[in-house]
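Here are my notes on the model you sent over, as numbered points. Have the coordinates open while you read, and start with the empty spaces.

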Amino acid sequence: MDGLKRTCLYGLHLELGAKIVPFAGYEMPVQYPLGVMKEHTHTRSQAGLFDVSHMGQAKLVAHQGDAAELFERLVPGGISSLADGAMRYTQLTDTTGGILDDLMVTRFGDTLWLVVNAACKQADFAHIATALDGDATLEIADRALLALQGPVAEDVLADLMPACRELMFMQAVWSEWDGADVLISRCGYTGEDGYELSIAQDRAEDLARALLAHEAVQAIGLGARDSLRLEAGLCLYGHDIDTDTTPAEADLLWSVPKRRRAAADFPGAARVVGQIDNGVEKRRVGILPAGRAPAREGTEIQNMQGEAIGQVTSGGFGPSLGGPLAMGYVPPAHAEPDTEIQLIIRGKAMPARVVTMPFVPQNYKKG
């Protein structure tokens, strides 16, 4: 796979029998011998270990004052209100309110820790550094990132790093394991309780092996990662959200607090606030196809009169749901739950209905 990068765990993936595919500029494991279906259900019932070291990590340090206040110039989220060790999901928006990327932001004192998507990280970091030039420094962190997800993740990780038990969903803490500094954050991309673990690259394989030594832990690839996040109703950048969608259209207004809406001081605020006040032309919704045929990305969505009204942006089979599921964009008139629609699958109109997401219950530990 010429021109593709590898994470520091590439050798371990091969040892574990992973099938490798290109993803976001990297050679990544799509599945292991267990198979996507069993990897998915194992994560829902026990604990799955994911290599997400391809994602971008960086520290933002203000030259004076608080980095959180500065960062609000670039995102619609409430960053300056974060408590120490608290995390927030937000988006980098452009001047039209389009989403350049979505990301996780954690506050540590006057500094921020950022985690951005792999495919966007170079553009993201350049955008942030340029926008805040002279006011803050962006220190890119060349670290590995592991995700341990599932209902027994806490018990597994506590054997190695007891500090993980003190965290609630969307909280983080710096800890130590076997002489290595580890940033533990209680978050993830599966809808399950779990953690992401940032560690020096030369210690990542040691940590991965220590976690995999637990009988409840299995290595999980990108295939199950996608079906897990889809069941949880979570967006994949470049598919469900991009520069052609705003937070209002993407049903992400829960991440834009009233203070930011009132101030309207983030990129694209005029358009986003206008959509809040006057409505959107399209909205991201969950879709349940009837029958067993999955509706893949790009599938045309029609109203019951056979008129095209939108497209599926993510779709497939939900192992926990026990059937096909999808998400896509439709006009507001067709966005209410239980609205009947049609999906053009293999040239045939198949019945479906709009549903509220997530498709399966989320199991975050919120205290």
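1. Cavities first. This is a predicted model, so read everything below with that in mind. The count of cavities of 30 Å³ or more comes to 3. I take the largest and the second largest in turn, then move on to a pocket and the strands.

2. The largest cavity holds about 100 Å³ of space. Its lining is made up of Q57, M87, M104, T106, W113, V115, L145, L183, S185, C187, E196 and S198. In terms of elements, at least two lining residues come from each of β7 (99–108), β8 (111–116), β12 (180–185) and β13 (194–200). Sorted by chemistry, that wall has 7 nonpolar, 4 polar and 1 charged residues.

3. The second largest cavity has a volume of about 70 Å³. Around it you will find L9, L12, H13, L16, Y32, L49, F50, D51, L146, A208, L212 and A219. Two or more of these residues come from each of α1 (10–15), β4 (47–51) and α6 (201–212), and β4 gives the largest share, with 3 residues. The split here is 10 nonpolar, 1 polar and 1 charged.

4. β4 deserves a closer look. What share of β4 is buried? The strand is mostly covered, with 5 of its 5 residues buried. A47, L49 and D51 point one way, while G48 and F50 point the other way, and all are buried. As a reminder, side chains in a regular strand alternate between the two faces of the sheet.

5. Now the partners of β4. Strand β14 (residues 217–219) runs parallel to β4 and is joined to it by 3 bridges; L49 has A219 of β14 as its bridge partner. L49 and A219 are also both in the lining of the second largest cavity. With β10 the sense is antiparallel, and 4 bridges join the two strands. Here F50 is paired with A147 of β10.

6. Stay with F50 for a moment. This residue sits in strand β4. Why does F50 count as buried? Because its relative accessibility is 2%, and the cut-off for buried is under 20%. Setting aside neighbours within four places in sequence, F50 is in contact with T43, L145, L146, A147, Q149, T190, I220, G221, R225 and L228. Among these contacts, L145 also lines the largest cavity, and L146 lines the second largest cavity. For a sense of distance, F50 and A295 are 245 residues apart in sequence and 26 Å apart in space, C-alpha to C-alpha.

7. Then there is the second largest pocket, with a volume of about 280 Å³. Its lining has 18 residues, and those nearest its centre are Y26, S53, M55, K121 and D142. The elements giving two or more residues are β1 (5–6), β5 (56–62), α4 (121–131), β9 (136–141) and β10 (143–149). Which of them gives the most? That is α4, with 3 residues. The lining divides into 7 nonpolar, 6 polar and 5 charged.

8. On to an open sheet. It has 3 strands in the order β1-β3-β2, and the pairing is mixed. β1 and β2 (19–23) are the edge strands, each pairing on one side only. β2 and strand β3 (residues 26–31) are antiparallel over 5 bridges, with P22 partnered by E27 in β3. Helix α7 lies across β2 and β3 and runs at about 70 degrees to β3.

9. Last, the barrel. Here 6 strands close up in the order β15-β18-β17-β16-β19-β20, with antiparallel pairing, and the twist averages 40 degrees from one strand to the next. Strand β17 (residues 308–318) and strand β18 (residues 323–330) pair antiparallel over 7 bridges; Q311 has Y329 in β18 as its bridge partner. Helix α7 (residues 222–231) packs on this sheet too, touching β17 and β18, and its direction makes about 120 degrees with that of β17. So when you check the model, look at α7 from both sides: α7 lies across β2 and β3 and also touches β17 and β18.

Conventions: Residues numbered from 1 in each chain as written. Predicted model: local features only at pLDDT ≥ 70, side-chain atom pairs only at ≥ 80, totals over all residues. Heavy atoms only, no water. 1 Å grid on protein atoms, 1.4 Å probe; cavity = no way out; pocket = protein on both sides within 12 Å on 5 of 7 lines; lining within 4 Å. Points joined across faces, edges and corners; volume = space filled by probe spheres on them. Nonpolar A, V, L, I, M, F, W, Y, C, P; charged D, E, K, R; others polar. Pairing = 2+ DSSP bridges. Axes fitted to C-alpha atoms, helices over the stretch in contact; angles between N-to-C directions. Contact = heavy atoms within 4.5 Å. Buried < 20%, exposed > 50% of the residue type's maximum accessible area, 1.4 Å probe, protein only.
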